[in-house]
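The following exercises concern the protein structure displayed below. Please attempt each task before reading its solution.

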Amino acid sequence: MTLVVSRQRAQFGADLVRMRKAAGFLTQASWANALNRYSGAQSLTRNEVSRWERGIRVPDGWLSAIAATLDVSLEDLERRASAARSSHPIAASHSAPIEDADPRLIQHWDALLRMLSDHENLLGASAVYEVAQGEFGLVREHRGRSSGTAVTELLRVEARWAEFCSWTAENAGARPAAVQWLDRALTLAERADARPTAAYVRMRQAQHAADHGEAERALALAERAADAPELSRRDRALCAIRQAQGHALRHDQKRCSAAFAHAHRLVDQAAEVDVDDPNTIGAHASRQYLAAYESYCLLLLGDLQQAIHGFEAALADWPANYRQDEALTRAWLGQAYLAAGRCDEAAAQGTRALTLTGYGPSARATRAIRKLYARLEPSDSSTSIEFRAAYAQAPSMP
């Protein structure tokens, strides 16, 4: 047996979630801490806040603190709480659904995912990983209490959040967790028959494999992802980029170039549309992003001059809101400069990449910076000294 919350209690809980986030408390734990500070107590836990927001329990004795920390009317809050309190939970079997999820919640989670993705691009994964895990848990709870078509739609949303958890875990340096999140995302997407999402997850698995030098696995996953007919142009371009990475790891320049030519056509076609396809997941697949990965593959293939030219062209017009990828690209350019014997320019790019990771480190960027640092011989030039000093002071570096 389990408790089924009434519509009034569920609405009160949803109102608390909305007001909490509007007040700037992105996690239940941060709000619980604020409530404890306001009340002068240390008795409130995140789990108790979770019970309020799920409608399992209506807060008693905390309404004044809630109103103060959320900057809402105490009178209005008391009225809502009274209505929720008067509708008691009832016992039901585990198989009985509570009610379908409010469609506004699904829209809210889609919008919040886009917002957090922008936040991660600017400030790094560590700032959002915990929040992403918490939201994933909320989606899962609502799915468990829903029925009918709402279950399928929430499975799709849950799969998207699992993929985002994987991305933030990877950038936070938690590789095993990143793999597990991707596996979970694929399972959820397949259960929902969300084929574009499943294809995008496979593309991400291909990227993970390529990042770790697994050429054959990257190719197999990217080719399977590209077979999904519902993919948008930008998402299909990402699949082509992952295929190109696999070919570059195999030192197959001809197939690598062909894959990038296909990716260029797709990105150019997408750029011609005034409004991007709303079903696109990989909106970051821009011309600059494509040029950065093409240049990186040229670096792997030993074509240093073309790689350097491509990196420089991409960075000249890099979107300001993609700081983490810019840091990675500058570290790659530094590696290309170093391979070409242009040591001072390599050090200068290393310093600029470190500055960008200072907003919020990305494990992918910091790995590339460490590689540049390890290969760059110490020198008496001011540029080299500046890079080494910045590296020593960066908290994300050893």
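**Exercise 1. Determine where histidine 251 lies, and decide whether this residue is buried or exposed.**

Solution. Step one is to locate the residue in this predicted model. Histidine 251 belongs to the loop between helix H12 (233-249) and helix H13 (253-272). Step two concerns the backbone: the phi angle of histidine 251 is positive, about 60 degrees, although the residue is not a glycine. Step three applies the cut-off, by which a residue is exposed when its relative accessible area is over 50%. Histidine 251 has a relative accessible area of 59%, and therefore counts as exposed.

**Exercise 2. Carry out the analysis for aspartate 71: in which loop is this residue placed, and is it buried or exposed?**

Solution. Begin again with the location. Aspartate 71 is found in the loop between helix H4 (63-70) and helix H5 (74-85). Next, consider the backbone: aspartate 71 is not a glycine, yet its phi is positive, at about 55 degrees. Finally, consider accessibility. The relative accessibility of aspartate 71 is 70%, so the residue is classed as exposed.

**Exercise 3. Explain why alanine 199 counts as buried, and identify its contacts beyond its neighbours within four places in sequence.**

Solution. First, place the residue: alanine 199 is part of helix H10. Second, recall that a residue is buried when its relative accessible area is under 20%. Alanine 199 is therefore buried, because its relative accessibility is 2%. Third, list the contacts. With neighbours within four places in sequence left aside, alanine 199 is in contact with Ala225, Ala228 and Leu231. Fourth, compare sequence with space for one of these partners: alanine 199 and alanine 225 are 26 residues apart in sequence, and their C-alpha atoms are 4.3 Å apart.

**Exercise 4. State which helix holds leucine 188, and list what this residue touches apart from residues up to four places away in sequence.**

Solution. The helix is H9, which covers residues 175-191. Leucine 188 has a relative accessibility of 5%, so it is counted as buried. Apart from residues up to four places away in sequence, leucine 188 touches Phe136, Arg143, Leu155, Glu158, Ala159 and Ala162. One of these contacts can be examined further: leucine 188 and glutamate 158 are 30 residues apart along the chain, while 7.0 Å separates their C-alpha atoms.

**Exercise 5. Describe the surroundings of serine 384, and decide whether this residue is buried or exposed.**

Solution. Serine 384 sits in helix H19, residues 382-393. Its relative accessible area is 2%, and serine 384 is therefore buried. Among residues that are not up to four places away in sequence, serine 384 touches Ala347, Glu377, Pro378 and Ser379.

**Exercise 6. Characterise the largest pocket: what is its volume, and which residues lie nearest its centre?**

Solution. The volume of the largest pocket is about 910 Å³. Its lining consists of 35 residues, and those nearest the centre are Arg114, Arg160, Thr280, Ile281 and Ala283. The elements that each give two or more residues to this lining are helix H6 (103-123), helix H8 (149-171), helix H10 (195-211) and helix H14 (287-301). H6 supplies the largest share, 7 residues.

**Exercise 7. Find how many cavities of 30 Å³ or more the whole structure has, and describe the lining of the largest cavity.**

Solution. The search gives 3 cavities of 30 Å³ or more. The largest cavity holds about 50 Å³ of space. Its lining residues include Glu120, Asn121, Trp167 and Asn171, together with Gln324, Asp325 and Leu328. Ser362, Arg364 and Ala365 also belong to the lining. Two or more residues come from each of H6, H8, helix H16 (323-339) and helix H18 (363-375). H16 gives the most, with 3 residues.

**Exercise 8. Summarise the protein chain as a whole, beginning with how many helices and strands it has.**

Solution. The chain contains 19 helices and 2 strands. Its C-alpha atoms occupy a box of roughly 75 × 50 × 40 Å along the principal axes. Of the 398 residues, 52% are buried. As for contacts between residues at least 6 apart in sequence, 67% join residues at least 24 apart. The exposed surface of the chain is about 18400 Å², of which carbon and sulfur atoms supply 49%. Lastly, there are 47 positive and 48 negative charges, and their mean positions are 4 Å apart.

Definitions and conventions:
Residues are numbered from 1 along each chain as its sequence is written. This is a predicted model: local features need pLDDT of at least 70, side-chain atom pairs count only at pLDDT 80 or more; totals for chains, interfaces and linings use all residues. Side-chain values use heavy atoms; hydrogens and water are left out. Buried means under 20% relative accessible area, exposed over 50%, partly exposed in between (1.4 Å probe, protein chains only). Contact means heavy atoms within 4.5 Å. Accessible areas come from the Shrake-Rupley method with a 1.4 Å probe; for residues, only the protein chains shown count as cover. Lys and Arg count as positive and Asp and Glu as negative; His and the chain ends are not counted. The place of a charge is taken as NZ of Lys, CZ of Arg, CG of Asp or CD of Glu. On a 1 Å grid over the protein atoms alone, a cavity is a set of points where a 1.4 Å probe fits but cannot get out, and a pocket is an open set with protein on both sides within 12 Å along at least five of seven lines; lining residues have an atom within 4 Å of a point. Grid points are joined across faces, edges and corners, and a volume is the space filled by probe spheres set on the points.
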